[in-house]
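Please open the model in a viewer and keep the selection panel at hand. The stops below are given in the order in which they may be selected.

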Amino acid sequence: MATDTLTGPTMLGSTTKTRVFKNFIDGEWVESLSGDTFEDRNPADTREVVAIFQRSNKQDVDAAVDAAKRAFAKWRLVPAPRRAEIVFRAAEILMERKEDYARDMTREMGKVLKETRGDVQEAIDASYYNAGEGRRMFGPTVPSELPNKFAMAVRQPIGVCGMITPWNFPMAIPSWKLLPAIVCGNTCVIKPAQDTPLSTFNLVQALTDAGVPKGVINIVTGFGTEVGTPLTEHPTIRAISLTGSSAVGKIVGATAAQSFKHCSLELGGKNPMIVLDDANIELAIEGGLWGAFGTTGQRCTATSRIIVQKGVYGEFIEHFVARAKKLKIGNGLDETVEMGPAVNENQLKTDLSYIEIGKTEGANMVCGGNRLDKGDYQHGWFLEPTVFVDVDPKMRIAQEEIFGPVVSIIPCDDLESAIEIANNIEYGLSSALYTKDVNKAFAAVRDLEAGITYINAPTIGAEVHLPFGGTKATGNGHREGGIGALDFYTEWKAVYVDYSDKLQKAQIDRVE
Ligand code: NAD
């Protein structure tokens with residue numbers, strides 16, 4: 001357990017055995033100067049307090065940034081392959097603890113065990129991948145235009161990085177940020193989402209046990225404006241990476257610009273899946289169910305619009321709805337459950353409000369629509385999988401991110417009109433096409449305005465070594481995963497070594 005082993009136990013409230021976490025600053029457990037805390041409750045059974053965390057403030061952020069700044073002076077000088085070895089060891093520790101960490105995650109955010117195991121696995125994959133980067137970090141070595149002169153470019157760390165994360169992938173997303181950042185030689189202050197800090201503590205526990213020195217990673221828990229804002233404004237922070245909603249992205253981007261920080265924004269989505277007449281319909285139905293209702297629809301890449309060609313429209317809906325009605329909903333710790341609760345009351349209210357909007361707009365709701373609050377469901381934030389059909393692409397339910405188990409099915413005439421519907425949206429994260437026609441598949445890859453396109457697979461399922469991120473209101477052009485993360489967490493330095501022993505002027509002293 002993180003608090004038992006990291007730097008000494010902080011098991012307060014021993015009568016209830018509820019774990020109480022302090023902030024993790026400079027390798028020490030530190031109480032917030034606010035003197036205030038908040039609870040992390042299980043959304044499948046809100047009677048359970050999973051853990052208690054510090055409700056931190058600007059002074060706590062200042063202390064964490066100071067610690068990270070001191071640590072940077074030494075960490076940047078540790079050879080990158082040595083830094084990477086620590087991350088490799090962390091992967092092996094995470095493997096050993098995968099089951100415990102997955103169970104903690106299901107309890108704090110409701111995702112079913114199969115998926116929380118996948119979330120921990122993604123952090124493991126990201127650890128192995130980034131550990132490999134410690135021996136690469138390639139830069140160009142090129143000929144100089146002058147004789148007896150050497151020219152190359154090297155990657156250098158940026159300094160102290162601030163990270164702000166959402167609740168839906170509470171270990172995977174922090175790992176996408178922390179691991180490349182520290183392999184590149186930066187130090188970090190991370191603010192996890194207030195619904196899911198425990199999984200970030202578990203990840204950092206593994207990294208600390210693997211040997212990450214004190215001050216290199218610091219955790220400050222709390223709320224957006226109380227911790228996220230001072231982190232974004234802090235003059236010592238040189239890079240800020242946010243994954244969250246587009247609304248918060250606008251604020252963070254504008255604030256970060258005031259002090260010329262590197263700023264990576266990974267934001268919302270409204271992801272289309274197109275099903276053409278020639279598709280394997282059974283495969284498309286299976287993919288659609290997984291894309292729409294996996295993680296209770298609470299993925300930035302969730303399949304929230306299914307655009308179906310008219311020749312198979314009726315058949316698709318009939319079988320899709322029949323299968324959606326049979327999904328087993330409940331506490332994700334039960335291995336037979338297929339869909340867990342909404343993460344919190346606010347998200348459930350948002351889902352229910354969009355269901356009302358859909359009905360008012362005249363969409364045809366053929367499945368779900370109700371909160372489940374009787375029997376085993378009475379203490380959780382459960383909602384039926386909900387399907388609207390005959391949706392007009394201009395309706396709000398087809399344009400706005402709901403972030404719940406609510407999917408809109410839209411008819412289309414052909415690939416061309418499907419792509420027009422798919423693209424006519426504010427966001428551009430993920431997209432999918434089901435077809436057996438290779439020509440149509442490649443045309444869609446070219447024309448869909450999204451950072452990710454899947455052929456014959458749903459809109460979810462990214463792998464850590466490929467670029468992850470989106471176009472338009474989904475972000476500001478950066479990519480996590482793969483080499484894009486190195487580009488974000490380093491700055492290029494061009495290096496010229498003149499060994500001619502005389503002054504040579506570039507562009508002026510030309511060798512003919
Ligand atoms: P959110 O935007 O409400 O919060 C994200 C984080 O920002 C939290 O830690 C929050 O405390 C913090 N925050 C809130 N206000 C802030 C402020 N003014 N300044 C600084 N920080 C602030 O999002 P959420 O509800 O946690 O997550 C759901 C959203 O995240 C969805 O829109 C989803 O699409 C998006 N998301 C995107 C990706 C991606 O990679 N594109 C991945 C996962 C989730």
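Begin with helix H6, residues 197-210, in this predicted model. Helix H6 lies across strands E1, E4 and E5, and it runs at about 50° to E5.

Next, select the three strands beneath that label: E1, E5 and E4, in this order, form an open sheet with mixed pairing. Which strands stand at the edges? They are E1 (19-20) and E4 (37-42); each has a single partner strand, so one side of each is left without a neighbour in the sheet. Add helix H3, residues 80-109, to the selection. Helix H3 packs on the sheet and touches E1, E4 and E5, and its direction makes about 100° with that of E4.

Now isolate strand E5, residues 45-54. Is strand E5 mostly covered or uncovered? It is mostly covered, with seven of its 10 residues buried. Its pairing with E1 is in the parallel sense, over two bridges. To locate this pairing, display Val 20, whose bridge partner in E5 is Ile 52.

Turn to the pairing of E5 with E4. These two strands run antiparallel and are joined by six bridges. Select Asp 40 together with Ala 51 of E5, as the two residues stand opposite each other. Following the chain from E4 to E5 shows a hairpin, with two residues between the strands.

The next stop is another strand pair, E21 and E22. Strand E21 comprises residues 430-434, runs parallel to E22 and is joined to it by four bridges. Show Ala 432 and, opposite it in E22, Tyr 454. Then colour strand E22, residues 452-455, by face. Ile 452 and Tyr 454 make up the covered face, whereas Thr 453 and Ile 455 make up the uncovered one. In a regular strand, side chains alternate between the two faces of the sheet.

Two residues with unusual backbone settings for inspection follow.

Select Phe 403 in the loop between helix H12 (396-399) and strand E19 (406-412). Phe 403 has a positive phi of about 70° although it is not a glycine. Is Phe 403 buried or exposed? Its relative accessible area is 18%, and Phe 403 therefore counts as buried, the limit being under 20%.

Then move to Lys 472, which is placed in strand E23, residues 471-472. Here too phi is positive in a residue other than glycine, with a value near 50°. Lys 472 has a relative accessible area of 35% and is partly exposed.

Finish at the surface by selecting Phe 150, Val 497 and Tyr 499. What do these residues make? They make a nonpolar surface patch of about 300 Å². Within this patch, Tyr 499 is found in the segment after strand E24 (490-498). Tyr 499 counts as exposed because its relative accessibility is 54%, and the cut-off is over 50%.

Definitions and conventions
Residues are numbered from 1 along each chain as its sequence is written. This is a predicted model: local features need pLDDT of at least 70, side-chain atom pairs count only at pLDDT 80 or more; totals for chains, interfaces and linings use all residues. Side-chain values use heavy atoms; hydrogens and water are left out. Patches are made of residues with over 30% relative accessible area and no salt bridge: like charges are joined within 9 Å, nonpolar side chains (Val, Leu, Ile, Met, Phe, Trp, Tyr) within 5 Å. Accessible areas come from the Shrake-Rupley method with a 1.4 Å probe; for residues, only the protein chains shown count as cover. A salt bridge is a side-chain nitrogen of Lys or Arg within 4 Å of a carboxyl oxygen of Asp or Glu. Buried means under 20% relative accessible area, exposed over 50%, partly exposed in between (1.4 Å probe, protein chains only). Two strands pair if DSSP finds at least two bridges between them. Contact means heavy atoms within 4.5 Å. Axes are lines fitted to C-alpha atoms, for helices over the stretch in contact, and angles run from 0 to 180 degrees between N-to-C directions.
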